[in-house]
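Q: I'd like to learn how to read a salt bridge within a helix, and then how that helix sits among its neighbours. Could you walk me through it?

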Amino acid sequence: MTDQTLPLAVSIMGPTASGKTAAALEIARHLPCEIISVDSALVYREMDIGTAKPTPAELAQVPHHLIDIIDPTEAYSAMQFRQDALRLTQEIIARGRLPLLVGGTMLYFKVLRDGLDELPQADPALRAQLDEEAARVGMPAMHARLAELDPVTAARLKPNDSQRIQRALEISLLTGQPMSALLAQKPAEPLPMRLLPLALEPSERAILHDRIALRFDLMLRDGGLEREVRALRARGDLHLGLPSMRCVGYRQMWEYLDGSIDAAAMREKGIAATRQLAKRQLTWLRSMPERISIDCNRPEATAEVLARVREAVDN
């Protein structure tokens with residue numbers, strides 16, 4: 001049972017293009033609140049169009065947090081998110097406002113709810129060594145190496161999941177213990193607030209797919225996404241191995257600018273990758289039985305989100 005004496009915070013979760021931003025802004029028109037972005041792509045500066053970042057006008061309507069906080073060369077972990085989100089929620093509550101945690105990075109929501117042990121920070125030298133080894137032997141071999149050091153983690157990762165495989169290897173090599181063992185050592189810390197978990201989910205996947213295609217076409221309109229990725233490439237310090245450049249849309253546009261695919265294939269691959277992202281997000285949501293599901297296909301979805309929040313605030 002959630003302690004009803006704890007202050008309230010609201011989670012607005014859902015797949016890409018499900019209307020999360022619109023719902024949050026509608027709440028902000030009626031209640032004093034601040035928005036904490038729960039999105040692993042919105043943290044990057046200079047990446048606005050491909051991440052569907054809120055517009056300057058939207059950002060001006062209500063205070064936003066955890067947007068444009070790091071450079072695309074930098075990394076931002078789920079642990080850092082939890083620390084930042086807990087600090088921000090407490091600061092927002094102290095200002096007499098309602099924290100709205102809004103986004104589609106389900107791992108961040110899970111880590112916020114369940115906690116995460118203090119795993120070691122990234123070691124640049126070891127990470128460079130692992131990157132070099134992966135380039136030489138390939139990810140299946142790296143996955144096999146992880147299976148020897150941490151079979152539990154290796155069993156849940158696909159052999160091509162380079163980012164998570166290398167992070168798990170890094171932790172095992174730095175600590176001498178499997179990451180799975182470290183994660184199981186202590187229970188999650190209780191949250192200092194009660195969460196209202198609202199999930200915008202489609203009753204018909206085809207409607208969401210149409211929204212995804214429309215939104216990707218809007219990103220391509222007038223060459224917007226192309227100009228953005230050209231500017232990122234021109235910096236000279238970015239490459240497809242970075243988490244920022246692996247964001248949906250950016251990888252496909254990068255490949256197009258490299259000349260490895262044509263414009264039609266870039267669009268097709270970008271939309272397909274976004275649909276795959278939405279599928280993974282929905283899978284995460286189904287693993288959260290406590291969520292309150294709201295059909296994002298219904299015209300009344302935004303009004304229903306607001307009504308749920310009003311009810312929780314009044315209680």
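A: Happy to. In this predicted model, Asp-114 and Lys-110 are four residues apart in helix 4, so about one helical turn separates them. The general idea is that an α-helix has 3.6 residues a turn, so residues three or four places apart point the same way. Here the side chains of Asp-114 and Lys-110 form a salt bridge, at 3.4 Å from N to O.

Q: Are Asp-114 and Lys-110 buried or partly exposed?

A: Asp-114 is partly exposed, with 28% relative accessibility, and Lys-110 is partly exposed as well, at 33%.

Q: Which residues of helix 4 are buried?

A: Those are Met-106, Tyr-108, Phe-109, Val-111 and Leu-112. Their packing partners include strand 1, helix 3 and helix 13.

Q: At what angle do helix 4 and helix 13 pack?

A: The angle is about 25°, and the axes are 9 Å apart. Angles under 35 degrees count as roughly parallel, so helix 4 is roughly parallel to helix 13. Helix 4 contributes Met-106, Leu-107 and Lys-110 to the contact, while helix 13 brings Gln-281, Trp-284 and Leu-285. By type, these contact residues are four nonpolar, one polar and one charged.

Q: What does a salt bridge between distant parts of the sequence look like?

A: Take Arg-291 and Glu-201, whose side chains meet at 2.7 Å, N to O. Arg-291 lies in the loop between helix 13 and strand 6, and Glu-201 in strand 5, so the pair ties together parts 90 residues apart in sequence. Glu-201 is buried, with a relative accessible area of 10%, whereas Arg-291 is partly exposed at 22%.

Notes
Residues are numbered from 1 along each chain as its sequence is written. This is a predicted model: local features need pLDDT of at least 70, side-chain atom pairs count only at pLDDT 80 or more; totals for chains, interfaces and linings use all residues. Side-chain values use heavy atoms; hydrogens and water are left out. Axes are lines fitted to C-alpha atoms, for helices over the stretch in contact, and angles run from 0 to 180 degrees between N-to-C directions. Helices (H or I, at least four residues) and strands (E, at least two) are DSSP runs, numbered from the N terminus. Angles under 35 degrees count as roughly parallel, over 145 as roughly antiparallel, 65 to 115 as roughly perpendicular and the rest as oblique. Contact means heavy atoms within 4.5 Å. Ala, Val, Leu, Ile, Met, Phe, Trp, Tyr, Cys and Pro count as nonpolar, Asp, Glu, Lys and Arg as charged, and the others, Gly among them, as polar. Buried means under 20% relative accessible area, exposed over 50%, partly exposed in between (1.4 Å probe, protein chains only). A salt bridge is a side-chain nitrogen of Lys or Arg within 4 Å of a carboxyl oxygen of Asp or Glu.
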